[in-house]
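Please walk through this structure with me, sheet by sheet, and then into its interior.

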Amino acid sequence: MDKETIKSHKLSEEEYAQILKILGREPNLLELGVISAMWSEHCSYKSSKKYLKDFPTKAPWVIQGPGENAGVIDIGKGMAAVFKVESHNHPSFIEPFAGAATGVGGILRDVFTMGARVVAGLNSLKFGDIYDKKCGHYQKYLVKGVVSGISHYGNCMGVPTVGGECAFDECFNGNILVNAFALGVCKSEDIFYAKAQGVGNPVIYVGSKTGRDGLGGAVMASDSFNQASKTLRPTVQIGDPFSEKLLMEACLELFKTDYIIGIQDMGAAGLSSSSFEMAGRSGSGMKLFLDKTPMRESGMTPYELMLSESQERMLICAKKGYEDKVIEIFKKWDLDAVVIGEVTNTGQMELFWHGELVGLIPIEPLSEKAPVLSRPLNKPKYLDEIKDYSFELKLNAQDLFVQMLKNENVNNKAFIYDQFDSSVQTNTIKADGSLGASVIRIKENGASVAMAIECNSRFNYIDPKIGAALAVAAAGRKVACSGAKPLAISDCLNYGNPQNPEVMWQFSQACEGIKQACKELNTPVVSGNVSFYNETEGVSIHPSPTIVNVGVLEDANKTLKASFEKENLNIYLLGESFGEFGASLAMKIQDRKLGGTLKELDYKAELALWNLLYNANEKALLECANSVGIGGIAITLAKMCAISQMGVDIKSGFKDEKMIFDESSSRAIVALDKTKEQEFLSLIEEFGVKAYKLGFTTNKQQFKLDNISLDKDELDRLYFNSFKEQIQ
C-alpha cells in the first residue's frame with residue numbers, strides 16, 4: 001500500500017505496521033478503509049481511553065454504564081431512564097443545518113436502540129464572537145442554521161427539546177460545538193443491547209437505503225480544520241426525521257416481541273462500526289453480503305457501503321427462523337429490511353461482493369483492542385501568565401450589571417428555544433425559559449426526571465481540573481434546585497488537537513476533575529463521548545467538558561420552580577461567597593481578559609446543599625430555588641425576577657460592592673413563605689449550610705439590589721429582547 005493512501009486514511013506508520021501484524025499481509029483498500037474508520041479517534045477513543053477507564057461508573061441505581069449505546073439508571077417502580085450526550089461539532093461547522101439535524105438523529109437512535117421511547121432532548125451550543133468584524137456575520141449564520149437543524153429534526157420526530165445552554169466566545173470562531181443529549185424511558189426489564197451471537201443467526205439491515213453521504217465522516221471528525229475543510233461538505237450526512245420516526249416506531253414494536261438477539265445503530269463509520277461492535281462484544285464472527293445492502297445510488301462499491309454514514313439505519317441480529325417476522329414489521333412501516341449476513345464462530349469479519357470474498361478482517365483486534373496511545377503531556381505556558389489576574393470594580397455597579405444582563409452569554413435565548421417544541425408528548429413540567437434543570441413527568445410511576453446540561457469553558461481554560469469538577473457540581477446543583485435527587489451523569493468532552501501535549505494535559509486534568517467530582521458527589525458516569533481535534537489552523541478551542549446530570553423526584557407534583565410567584569416571600573442565599581472572580585463574566589466584560597485562579601470545590605458543602613434542597617422540598621418548605629451561576633447573585637436574581645411577575649428588594653450585606661458579581665460555587669437562591677421560615681432555619685442548621693437572608697419579593701415592579709435599581713419593564717426588555725436584536 002502506498003504512503004499517500006495510508007496518509008489519506010489518517011493512519012500513522014506505527015498503526016499501519018500494527019495492521020500488517022494483525023492481518024499477516026497487506027490490506028486491500030476496502031480493509032484499509034474499514035480499519036481506519038474503526039481506529040479513528042472518533043470510534044476508538046485511542047487517545048482518551050487510558051484516562052476514561054478510571055471514571056466511577058457504578059451505583060445501586062445504575063443498570064448499564066459506559067460501553068453500550070447509552071447509559072441506563074433505575075428511576076423507580078420498574079422504570080428506567082436511558083440517556084447519552086454526544087457531539088456533532090465538525091459537521092455542524094461545515095454544514096450547520098444538516099450537521100446539527102443529524103447530530104440530533106444520531107443521539108435519538110442511540111437511545112431508542114436500547115428499547116426506550118425518547119421523551120426529552122437537551123443541547124449545549126458554543127459559538128464564536130458574533131461581533132467579530134471578520135467572522136461575526138458567519139457566526140450568526142451558524143447560530144441560525146444549527147438551531148433550525150435541531151428544531152427541524154426534533155420537532156418532526158415528536159421529541160420535546162426541553163432545555164439547553166448556549167454560550168459565545170472568540171475561542172469558538174473556528175470551531176463551534178454542537179452537543180446533543182437525549183433521554184428515553186422504558187421498563188427496566190425491556191432494555192436491549194448491541195450484541196450478535198448464535199452461529200447461523202441472521203444479520204438484518206433495516207431503515208433507509210445507503211447512499212454516499214457521510215463518507216469518511218468518522219475520519220473527518222478525527223482531524224483538525226484548515227482552509228481546505230471548506231470542501232468537506234460531502235462528509236456531512238443528510239438526515240430525514242420522518243424516516244427516523246418510522247424507524248423508531250418499528251423498533252419499539254419489534255422490541256415487544258422475542259424475535260431478536262441484539263440491535264445496533266449505524267452511527268459513525270456506519271456499517272463498519274455497527275457490525276464490528278456487535279460481533280466484538282459477543283466474541284463472534286460475521287459474514288456480510290454487501291451486494292444485498294439496500295442502495296439509493298447506482299454503482300456503489302463495497303468500500304462506500306461499509307463507510308457510508310447515511311442516516312436512519314440499524315443492524316439487527318435476529319433469531320434464526322424469525323427473519324420474515326422481523327422484516328414484516330419494518331415493511332409495515334414502509335422501511336427497507338433485508339438479511340445481509342449471518343453470525344459465525346470464526347472471529348472474522350468476512351465481506352462478500354456478488355459471491356466473492358473481498359475483505360477478511362479479524363474482529364477482536366479491531367473492535368476490542370484498538371490502539372491505546374500515551375500521548376505526551378505538557379502544562380500550557382499561558383497558565384502562568386494569567387494566574388495573577390485579579391478583578392476590581394472599575395465601572396459603576398449598575399452600568400456593569402446592565403452590560404452583563406444584555407450580554408449574549410446571559411440574556412434570554414427565546415430566539416432559540418421558541419423554535420423547539422418543548423411540550424409535545426404532554427409530559428414537560430419545566431422547560432427552557434424557566435431557568436435551571438428541565439423536568440419531565442414519568443406517567444408510568446408518577447415520578448419526574450430532572451436533567452441539566454452544564455459547561456463553563458472559561459473556567460476550564462484557567463483550570464481544566466477544577467473547571468471540569470465545577471461543571472459536574474453545577475449540573476447536579478441545577479437538578480437539586482428542581483427538588484430532584486441527582487443520580488448520574490453523561491459527559492461530552494470537547495477538546496483541541498490531542499497531538500498537542502498542552503491539549504492532552506488539559507484533557508488528562510479534566511478527567512481527574514470529573515473522576516473526583518463524580519466519586520465525591522456519588523453521581524457515576526454512565527455514558528459519554530469524546531470530541532478531539534476541535535481546532536482550526538492550529539488554534540484550539542477552550543477545554544469544554546459538557547456534563548449532563550439526571551436526577552429523580554419521586555412525586556412529580558413536587559417539582560420546584562425557579563420563579564417568584566408571590567409577594568412577601570423571604571429570599572435567602574444558601575452557601576458561602578468567597579470572592580471568586582477567576583474567569584468570571586464580570587472580568588470578561590469589564591476588563592476584556594480571562595485569567596485568575598479557581599478555588600477547589602468543597603464537596604461536603606456541595607452535597608450538604610443538595611441534601612438540604614431535597615429535604616426542604618420534600619417538606620414543602622420552598623416556593624422556588626435556583627443555582628447561582630455566571631454573573632453571581634446579581635444576574636441569578638435578575639433572571640429569577642425577569643421570569644416572574646414580582647419585583648425584589650434585596651440587601652446583599654456584602655461590604656465590597658463587587659461581591660454581587662462573585663461566582664463562588666455551591667450556592668443557591670431560594671424563596672419561602674414567612675410562615676415556614678423557622679422550620680427552614682432549623683433544617684439549615686441540621687445540614688450545616690450557611691444561609692443569608694437577602695430580602696423579599698414585592699408587587700412593586702422594580703428590581704432593587706443594593707445600589708442597583710431598575711424598573712422591571714426595563715429589566716425585562718434588556719433580558720428578553722437583547723439576544724434577538726444581537727442575532728439579526
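Two strands count as paired if DSSP finds at least two bridges between them; strands (E, at least two residues) and helices (H or I, at least four) are DSSP runs, numbered from the N terminus. The model is predicted: local features need pLDDT of at least 70, side-chain atom pairs count only at pLDDT 80 or more, and totals for chains, interfaces and linings use all residues. Residues are numbered from 1 along each chain as its sequence is written, and side-chain values use heavy atoms, with hydrogens and water left out.

One open sheet has 7 strands in the order E8-E10-E7-E11-E9-E12-E13, with mixed pairing. Strand E8 (260-265) and strand E13 (356-362) are its edges, each pairing on one side only. From one strand to the next the twist averages 25°, where axes are lines fitted to C-alpha atoms (for helices over the stretch in contact) and angles run from 0 to 180 degrees between N-to-C directions. Within this sheet, strand E9 (residues 285-289) and E11 pair in the antiparallel sense over 4 bridges, and Leu 288 has Gly 341 in E11 as its bridge partner.

Strand E11 (residues 336-344) also holds Asp 336, which forms a salt bridge with Lys 209, the closest N and O atoms being 2.9 Å apart. A salt bridge here is a side-chain nitrogen of Lys or Arg within 4 Å of a carboxyl oxygen of Asp or Glu. Lys 209 lies in the loop between strand E7 (202-207) and helix H9 (217-220), 127 residues from Asp 336. The whole structure has 32 salt bridges.

Another open sheet, also of mixed pairing, has 7 strands in the order E23-E25-E22-E26-E24-E27-E28. Its edge strands are E23 (624-627) and E28 (708-711), and the twist averages 20° from one strand to the next. Strand E24 (residues 647-650) pairs with strand E26 (residues 691-698) in the antiparallel sense over 4 bridges; the partner of Val 648 in E26 is Thr 697. Helix H24 (residues 677-687) packs on this sheet, touching E22, E25 and E26, with contact meaning heavy atoms within 4.5 Å. The direction of H24 makes about 5° with that of E22.

What classes of residue line the second largest cavity? The lining has 9 nonpolar, 4 polar and no charged residues; Ala, Val, Leu, Ile, Met, Phe, Trp, Tyr, Cys and Pro count as nonpolar, Asp, Glu, Lys and Arg as charged, and the others, Gly among them, as polar. A cavity is a set of points on a 1 Å grid over the protein atoms alone where a 1.4 Å probe fits but cannot get out, and lining residues have an atom within 4 Å of a point. Val 104, Gly 121, Leu 122, Thr 161 and Phe 181 are the closest to the centre of the second largest cavity.

Notes. On a 1 Å grid over the protein atoms alone, a cavity is a set of points where a 1.4 Å probe fits but cannot get out, and a pocket is an open set with protein on both sides within 12 Å along at least five of seven lines; lining residues have an atom within 4 Å of a point.
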